[in-house]
Amino acid sequence: VHREEHLVATVKLFTKVSIVNFGNFKLPTFDGFITEEIYAPNTIEWARENINGEIYNTGILRKSILFPQKTGKITISPAELEIAFRKASNKRSRSMFDEFFGNVDSESRNVISNSVTIDVSDLPDKRPYNFSGAVGQLKVVASVDNSNVKTNDAVNLKVKISGNGNLKYISAPKIDFPSDFDVYDPKIGDNIKYSENGA
């Protein structure tokens with residue numbers, strides 16, 4: 001990716017055992033990125049996946065959108081999770097119910113994900129002189145509420161920036177109005193929704 005170009009980081013659990021409970025969960029630190037969380041379920045939605053001919057239960061623990069802030073290789077640290085899972089017991093059963101339902105113990109383990117390295121390229125050299133850092137597929141539309149006015153009539157100019165990219169980090173555009181215009185401070189608002197496509 002290029003600096004400021006978004007990417008999606010997913011922390012996903014793959015298991016063949018029956019998980020009873022979750023303990024401490026440590027997310028990657030994402031050093032070198034601005035991060036926005038886009039998916040953090042209260043309960044995991046399990047799915048079955050075939051990985052190299054073996055069936056696993058899989059569940060997404062977190063999904064974040066990342067905006068790299070520097071160039072070069074950036075390593076994302078591992079995620080860590082404490083799990084308790086069911087394990088067949090070697091103890092002799094004490095009753096016929098144990099024999100019928102099976103004698104099961106639980107065991108705890110700390111699981112650690114792999115680390116991931118992202119190669120971040122700098123932005124192209126031929127940037128416009130007034131480039132402010134906006135990266136993505138963006139669209140700018142300007143409109144006025146009245147194009148037929150008399151002297152001293154008010155006109156509202158609306159500038160809308162939309163699309164997918166690092167919208168949150170875009171500053172308001174600077175507009176050079178004619179010197180004989182009275183200009184008032186603008187109202188700035190945003191309606192940003194984060195998704196896998198960016199913001």
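These are my notebook entries on a predicted model, covering its largest pocket, three salt bridges and a handful of single residues.

**Entry: the pocket**

I started with the largest pocket, for which I noted a volume of about 1,700 Å³. I then asked which residues lie nearest the centre of this pocket. Of the 38 residues that line the pocket, L157, K158, V159, P186 and K187 are the ones nearest its centre. When I looked up where the lining comes from, I found that strand β11, residues 157-165, gives the largest share, with 7 residues. Sorted by class, the lining is made up of 20 nonpolar, 11 charged and 7 polar residues.

**Entry: salt bridges**

I looked up the salt bridges next, and the structure has 7 of them; I followed up three.

The pair I took up at the start was R3 and D122, which form a salt bridge with their closest N and O atoms 3.3 Å apart. Because R3 sits in the segment before β1 (7-15) and D122 in the loop between β9 (116-120) and β10 (136-144), this pair ties together parts of the chain that are 119 residues apart in sequence. I checked the accessibility of both partners: R3 is partly exposed at a relative accessible area of 23%, and D122 is also partly exposed, with a value of 40%.

I then turned to D119 and K73, whose side chains meet in a salt bridge of 3.7 Å, N to O. Here too the pair links distant parts of the chain, since D119 belongs to strand β9 and K73 to strand β6 (residues 72-76), 46 residues apart. Is each partner buried, partly exposed or exposed? D119 is partly exposed, with a relative accessible area of 46%, whereas K73 is exposed, because its relative accessible area is 62% and the cut-off for exposed is over 50%.

The remaining pair I followed was E107 and R109, where the salt bridge is 2.8 Å, N to O. The side chains of E107 and R109 are also listed as joined by a polar contact of 2.8 Å. I placed E107 in strand β8, which covers residues 104-112, and I noted R109 as partly exposed, with a relative accessible area of 46%. Setting aside residues up to four places away in sequence, I found that E107 touches I83, A84, F85 and K87.

**Entry: N166 and E4**

I wanted to know what surrounds N166, which lies in the segment after β11. N166 counts as buried because its relative accessibility is 1%, and buried means under 20%. Its side chain makes a polar contact of 3.1 Å with the side chain of E4, and the N166 side chain also reaches the backbone nitrogen of V135 at 2.8 Å. Apart from neighbours within four places in sequence, the contacts of N166 are E4, F67, G133, A134 and V135, so that list includes both of the polar partners I had just noted.

I went on to E4 itself, whose place is in the segment before β1. E4 is buried as well, with a relative accessible area of 12%. I also looked at its backbone, where E4 has a positive phi of about 75° although it is not a glycine. I made a note of this because most residues other than glycine have a negative phi.

**Entry: N152**

Where does N152 lie? I found N152 in the loop between β10 and β11. N152 is not a glycine, yet it has a positive phi of about 75°. At 79% relative accessibility, N152 counts as exposed, whereas E4 is buried.

**Entry: A47**

My last look-up was A47, which is found in strand β4, residues 47-51. At 37% relative accessibility, A47 counts as partly exposed. Leaving out residues up to four places away in sequence, I noted that A47 touches Y56, N57 and T58. I then asked how many Å separate A47 from N156 in space. The two lie 52 Å apart, C-alpha to C-alpha, and they are 109 residues apart in sequence.

Technical notes: Residues are numbered from 1 along each chain as its sequence is written. This is a predicted model: local features need pLDDT of at least 70, side-chain atom pairs count only at pLDDT 80 or more; totals for chains, interfaces and linings use all residues. Side-chain values use heavy atoms; hydrogens and water are left out. On a 1 Å grid over the protein atoms alone, a cavity is a set of points where a 1.4 Å probe fits but cannot get out, and a pocket is an open set with protein on both sides within 12 Å along at least five of seven lines; lining residues have an atom within 4 Å of a point. Grid points are joined across faces, edges and corners, and a volume is the space filled by probe spheres set on the points. Helices (H or I, at least four residues) and strands (E, at least two) are DSSP runs, numbered from the N terminus. Ala, Val, Leu, Ile, Met, Phe, Trp, Tyr, Cys and Pro count as nonpolar, Asp, Glu, Lys and Arg as charged, and the others, Gly among them, as polar. A polar contact is a pair of N or O atoms within 3.5 Å; within protein, one must be able to donate a hydrogen and the other to accept it, and residues adjacent in sequence count only if both atoms are side-chain atoms. Contact means heavy atoms within 4.5 Å. A salt bridge is a side-chain nitrogen of Lys or Arg within 4 Å of a carboxyl oxygen of Asp or Glu. Buried means under 20% relative accessible area, exposed over 50%, partly exposed in between (1.4 Å probe, protein chains only).
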